Amino acid sequence: MNLLALLAAAIVGWLWWKGHLGKDAGRKLALAGGAGLAFWLLARGQWVGGLAIGAAVAGFWFKDRLRRKIGAVPMDEIEARQILGLGLEATAADVLAAHRRIIAQVHPDKGGSADLARRVNAARDHLLQAISRAKG
């Protein structure tokens, strides 16, 4: 059983090292490891520790889901450029023009959703900050 757990940890470590787990791999690994520890403790009959760690993992998972739902998790520059459909050489004027074009389609007053409008606004803000940092 211990050899199987060691093999699983080695595979996950290799996937993380190669970058196959995505940009938020640390959070995913921490949640998976905590859940695995909670199940292991519960299987051994250590109810207090297993339930405490399980409750902590559930709390972090729900908090993360809530943060992602309301858009509090910052996006990276690649995602912002994909949302606005811009390349690497885009200027501030290009960002504002793309924002105006897309927000006219996804705004809640035009039949779009508030979540999409929030993401487009966040992409605009992120790219404008990145451009101003690059100039300054």
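At what angle do α4 and α6 pack, and how far apart are their axes? The legends below take this up in a predicted model.

**Figure 1. Overview of the all-residue fold of the protein chain in the predicted model.** The protein chain has six helices and zero strands. Along the sequence, the pattern reads α-α-α-α-α-α. Of the 136 residues, 21% count as buried. Contacts between residues at least 6 apart in sequence were also sorted by separation: 47% of them join residues at least 24 apart.

**Figure 2. Close-up of helix α6, residues 114–135.** Helix α6 has 22 residues. From its first C-alpha to its last, α6 reaches 32 Å, close to the 32 Å expected at 1.5 Å a residue. Six positions of α6 are named here as buried: A117, V120, A123, L127, A130 and I131. Seen down the axis of α6, the buried residues fall within an arc of 160°, so they line one face of the helix. An α-helix has 3.6 residues a turn, so residues three or four places apart point the same way. The cover over the buried residues of α6 includes α4 (77–84) and α5 (92–106).

**Figure 3. Close-up of the packing of α4 against α6.** Two packed helices are described by the angle between their axes and the distance between the axes. For α4 and α6, the angle is about 125° and the axes lie 9 Å apart. That angle makes α4 oblique to α6. The crossing of α4 past α6 is left-handed. On the α4 side, the residues that meet α6 are E77, E79, A80, R81, I83 and L84. Their partners in α6 are R119, V120, A123, R124, H126, L127 and A130. Among these partners, V120, A123, L127 and A130 are also buried.

**Figure 4. Close-up of H99 in helix α5.** Is H99 buried or exposed? At 9% relative accessibility, H99 falls under the 20% cut-off, so H99 counts as buried. Neighbours within four places in sequence are left aside here. Beyond them, H99 is in contact with L84, V120, N121 and R124. Of these, L84 belongs to α4, while V120 and R124 belong to α6.

**Figure 5. Close-up of V48 in helix α3.** Helix α3 covers residues 47–70 and holds V48. V48 is exposed, with a relative accessible area of 70%. A38 lies 10 residues from V48 along the chain. The C-alpha atoms of V48 and A38 are separated by 9.8 Å.

Key:
Residues numbered from 1 in each chain as written. Predicted model: local features only at pLDDT ≥ 70, side-chain atom pairs only at ≥ 80, totals over all residues. Heavy atoms only, no water. Helix = DSSP H or I, 4+ residues; strand = E, 2+ residues; numbered from the N terminus. Expected span 1.5 Å × (residues − 1). Buried < 20%, exposed > 50% of the residue type's maximum accessible area, 1.4 Å probe, protein only. Arc of directions from axis to C-beta. Contact = heavy atoms within 4.5 Å. Axes fitted to C-alpha atoms, helices over the stretch in contact; angles between N-to-C directions. Parallel < 35°, antiparallel > 145°, perpendicular 65-115°, else oblique. Left-handed = near helix turned anticlockwise from the far one by under 90°.
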